[in-house]
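Got the viewer open? Let's take a walk through this one, stop by stop, with something to select at each.

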Amino acid sequence: MKIDSDFNDIDALGDNHIGSSSETPMRRDAFRLSNSEKIDIIKDDVRHIMETLGLDLSDDSLNGTPSRVAKMFVNEIFGGLDPDKKPSASTFENKYKYGEMLVEKNITVYSTCEHHLLPIVGKAHVAYISNGKVVGLSKMNRIVDYFAKRPQVQERLTIQIVRELQEVLNTEDVACVIDAKHLCVNSRGIRDVDSSTVTSEFGGKFKEKETRREFLDYIQLDTQF
């Protein structure tokens, strides 16, 4: 039957971790409901899932789980879907005329695979070359975290980080490399606990071999304090 074929295609798409676009797929009415309304609906849905699995929600340990999960989804791990939470990335004039690349490495990434809603955990390494503007270091972390806090595909996350910094800094000279473990691979399916996934996006001067090599050498430095 065709419907069986369609479900098989969906399963195969998820296992292959194929993304649909470089923008997070959102419905036009995504913000029709308030966050509190979303929490109430998700709470009921989680309760239904748990009851379907046969869990006894009258147990003290489980009774509050639907509410906790709903709040976590809306306010925390999928908080990056809310445009009101987008970090304001103030820029400053590069008064000290620093002309080399600035690299911030080992930015912690906690995201969620959009195919199985399981964690993605890793590190992001971000760099840019100023054309007259600089951005606060913590803002780079916040930009990574904002785009990570949504159902994601790692390739898309890498692209979104670069595009946002290019817009903030008004330069194409931005790069990002992410190395992360996907629990949808590590804990289910093939259950390969050792593998990780590396993605990269290079803009402007970082497309040049020498500049890209310099960036990759920086992020391999063994930094210890």
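How much area does the protein chain expose, and what share of it do carbon and sulfur atoms supply? About 13800 Å² is exposed, with carbon and sulfur atoms supplying 52%. Keep in mind as you click around that this is a predicted model.

**Stop 1: the whole chain**

Start in cartoon view. You should find eight helices and seven strands in the protein chain. Its C-alpha atoms fill a box of roughly 65 × 40 × 35 Å, taken along the principal axes. Of the 225 residues, 36% count as buried. Turn on contacts, too: among those with a separation of 6 or more, 68% are between residues 24 or more positions apart.

**Stop 2: Asp-82**

Now select Asp-82, in the loop between α4 (65–77) and β1 (91–93). What is the nearest side chain of opposite charge here, and how far away is it? That's Lys-85, at 5.1 Å. A salt bridge needs the atoms within 4 Å, so Asp-82 stays without one although it is buried. Show side chains and look at what the acid does reach: the backbone nitrogen of Asp-84, 2.9 Å from the side chain of Asp-82. Leaving out residues up to four places away in sequence, Asp-82 touches Phe-31, Asn-35 and Tyr-146.

**Stop 3: Glu-104**

Next, jump to strand β2 (residues 101–113) and pick Glu-104. Here is another buried acid with no salt bridge. The nearest side chain of opposite charge belongs to Arg-142, 10 Å away. So what does Glu-104 touch, not counting residues up to four places away in sequence? Select Ala-124, His-125, Val-126, Leu-137, Met-140 and Asn-141 to see those neighbors.

**Stop 4: salt bridges**

After two acids without a partner, try some that have one. The structure holds eight salt bridges, and three of them make good stops.

- Helix α8 (residues 209–219): Asp-217 and Arg-213 both lie here, four residues apart, about one turn of the helix. They form a salt bridge, with the closest N and O atoms 3.2 Å apart. Asp-217 is partly exposed at 40% relative accessible area, and Arg-213 counts as partly exposed at 41%.
- Arg-27 and Asp-29: these side chains meet in a salt bridge at 2.8 Å, N to O. Color by accessibility and you'll get Arg-27 as exposed, with a relative accessible area of 60%. Asp-29, at 32%, counts as partly exposed.
- Lys-149 and Asp-145: the closest N and O atoms of this salt bridge are 2.6 Å apart. Is Lys-149 buried or exposed? The relative accessible area of Lys-149 is 18%, and the cut-off for buried is under 20%, so Lys-149 counts as buried. Asp-145, by contrast, is partly exposed at 35%.

**Stop 5: a nonpolar patch**

Last stop: switch to a surface view and select Ile-49, Leu-53 and Leu-55. Together they form a nonpolar patch on the surface, with about 310 Å² of accessible area. Zoom in on Leu-55, which is in the loop between α2 (35–52) and α3 (60–63). Leu-55 has a relative accessible area of 39%, which makes this residue partly exposed.

Definitions and conventions. Residues are numbered from 1 along each chain as its sequence is written. This is a predicted model: local features need pLDDT of at least 70, side-chain atom pairs count only at pLDDT 80 or more; totals for chains, interfaces and linings use all residues. Side-chain values use heavy atoms; hydrogens and water are left out. Helices (H or I, at least four residues) and strands (E, at least two) are DSSP runs, numbered from the N terminus. Buried means under 20% relative accessible area, exposed over 50%, partly exposed in between (1.4 Å probe, protein chains only). Lys and Arg count as positive and Asp and Glu as negative; His and the chain ends are not counted. A polar contact is a pair of N or O atoms within 3.5 Å; within protein, one must be able to donate a hydrogen and the other to accept it, and residues adjacent in sequence count only if both atoms are side-chain atoms. Contact means heavy atoms within 4.5 Å. Patches are made of residues with over 30% relative accessible area and no salt bridge: like charges are joined within 9 Å, nonpolar side chains (Val, Leu, Ile, Met, Phe, Trp, Tyr) within 5 Å. Accessible areas come from the Shrake-Rupley method with a 1.4 Å probe; for residues, only the protein chains shown count as cover.
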